[in-house]
Amino acid sequence: MGANTVINDDPTLTPRYVKAVRNPPIRVVIDGKMRTPLTAKVVTNKEAPTIIVTTEQADRSKITQLMNMGVEVWVMGKERVNLKDVLERLFTEKGVKRVLVEGGGHLNWELIKEGGLVDEIRLTVSPYVFGAGTSFIEGEGYPTTMEGPRLRLKSINVCECGQEVIINYIVERCCSSI
Ligand SMILES: NC(=O)c1ccc[n+]([C@@H]2O[C@H](COP(=O)([O-])OP(=O)(O)OC[C@H]3O[C@@H](n4cnc5c(N)ncnc54)[C@H](OP(=O)(O)O)[C@@H]3O)[C@@H](O)[C@H]2O)c1
């Protein structure tokens with residue numbers, strides 16, 4: 001997930017509502033300026049490993065502090081993290097074959113705009129009403145539907161609680177990089 005989601009929501013980001021997970025998934029935070037608080041649950045909670053991917057903009061002493069707290073820190077890029085490089089490194093160094101991106105909207109946009117990095121989009125409709133600033137995609141976005149990826153509906157499921165609908169789309173055609 002992106003740095004703002006860590007800062008605003010402070011999620012533990014561990015699996016819940018599933019019966020057996022042998023190896024908890026690695027938590028990965030994309031945080032260009034290393035704004036993740038030392039008190040964030042992804043740092044203090046030890047139920048799963050955490051990697052924070054940052055850039056040369058990050059404060060060196062904070063990197064050291066986080067590493068001393070057991071967090072793996074990857075410095076990748078001068079000002080921005082190249083997300084394709086992150087996915088490749090996750091595969092080659094950690095054997096990661098599947099990544100679930102939990103947002104927020106800015107990180108979602110950064111991945112989608114690259115083209116070819118996103119295979120599926122899962123939208124969950126929940127019975128809550130929010131205000132502005134909680135969009136699935138934030139940032140620049142596409143001027144028309146023609147520029148964006150084409151999505152094909154794969155499945156619609158109602159979650160066990162009976163209150164949420166999960167809509168699963170396959171990304172069929174990727175936009176060209178913007
Ligand atoms: N409804 C849901 O399921 C759901 C899920 C997740 C989040 N959310 C909501 O979304 C909100 C946050 O969303 P958001 O769009 O503001 O933020 P976000 O996507 O969580 O984080 C964006 C930040 O991540 C860093 N980042 C992203 N891509 C980067 C890159 N390529 N290189 C370097 N840094 C990168 C940047 O930090 P810097 O600006 O410091 O460089 C950027 O500002 C939260 O308040 C949360 O409640 C909702």
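**Exercise 1. Decide whether Asn-168 is buried or exposed in this predicted model, and describe its surroundings.**

Step 1. Start with the accessibility: Asn-168 has a relative accessibility of 6%. The cut-off for buried is under 20%, so Asn-168 counts as buried.

Step 2. Now place the residue: Asn-168 belongs to strand E6, which covers residues 165-173.

Step 3. Look for contacts, setting aside neighbours within four places in sequence. Asn-168 then touches Glu-120, Ile-121 and Arg-122, and also Arg-152, Leu-153, Lys-154 and Ser-155.

Step 4. Find the partner across the strands: Arg-122 stands opposite Asn-168.

**Exercise 2. Work out the strand order of the sheet that contains E6, and say which strands are at its edges.**

Step 1. Recall the principle: strands of a sheet pair through backbone hydrogen bonds, and the pairing can be parallel or antiparallel.

Step 2. Follow the pairing here. The order is E4-E6-E5, an open sheet of three strands with antiparallel pairing.

Step 3. Pick out the edges: strand E4 (120-125) and strand E5 (150-158) each pair on one side only.

Step 4. Add the geometry: from one strand to the next, the twist averages 20 degrees.

Step 5. Count the links between E4 and E6: six bridges join these antiparallel strands.

**Exercise 3. Explain why helix H5 can be called largely enclosed, and name some of what covers its buried residues.**

Step 1. Take the helix, residues 105-114. Seven of its 10 residues are buried, so H5 is largely enclosed by the rest of the structure.

Step 2. List the buried residues of H5: Gly-105, Leu-107, Asn-108, Trp-109, Glu-110, Leu-111 and Ile-112.

Step 3. See what lies over them: the cover includes strand E1 (27-30), helix H4 (83-94) and E4.

Step 4. Check what follows the helix: just after H5, Gly-115 adopts a positive phi of about 80 degrees.

**Exercise 4. Locate the largest nonpolar core relative to the two domains.**

Step 1. Begin with the members that touch the most others: among the 17 residues of this core, these are Ile-30, Val-53, Leu-83 and Val-86.

Step 2. Trace the suppliers: E1, strand E2 (50-54), H4 and H5 each contribute at least two residues to this core.

Step 3. Bring in the domains. Both domain 1 (1-102) and domain 2 (104-178) give residues to the core, so it lies between them.

Step 4. Zoom in on Leu-83. Apart from neighbours within four places in sequence, Leu-83 is in contact with Ile-30, Leu-107, Glu-110, Leu-111 and Leu-117.

Step 5. Finish with another core: a second, separate one has 13 residues, including Val-29, Ala-58, Leu-66 and Val-73.

How values were computed
Residues numbered from 1 in each chain as written. Predicted model: local features only at pLDDT ≥ 70, side-chain atom pairs only at ≥ 80, totals over all residues. Heavy atoms only, no water. Pairing = 2+ DSSP bridges. Helix = DSSP H or I, 4+ residues; strand = E, 2+ residues; numbered from the N terminus. Axes fitted to C-alpha atoms, helices over the stretch in contact; angles between N-to-C directions. Buried < 20%, exposed > 50% of the residue type's maximum accessible area, 1.4 Å probe, protein only. Contact = heavy atoms within 4.5 Å. Core = buried A, V, L, I, M, F, W, Y, C linked by side-chain atoms within 4.5 Å. Domains from an automatic or database assignment.
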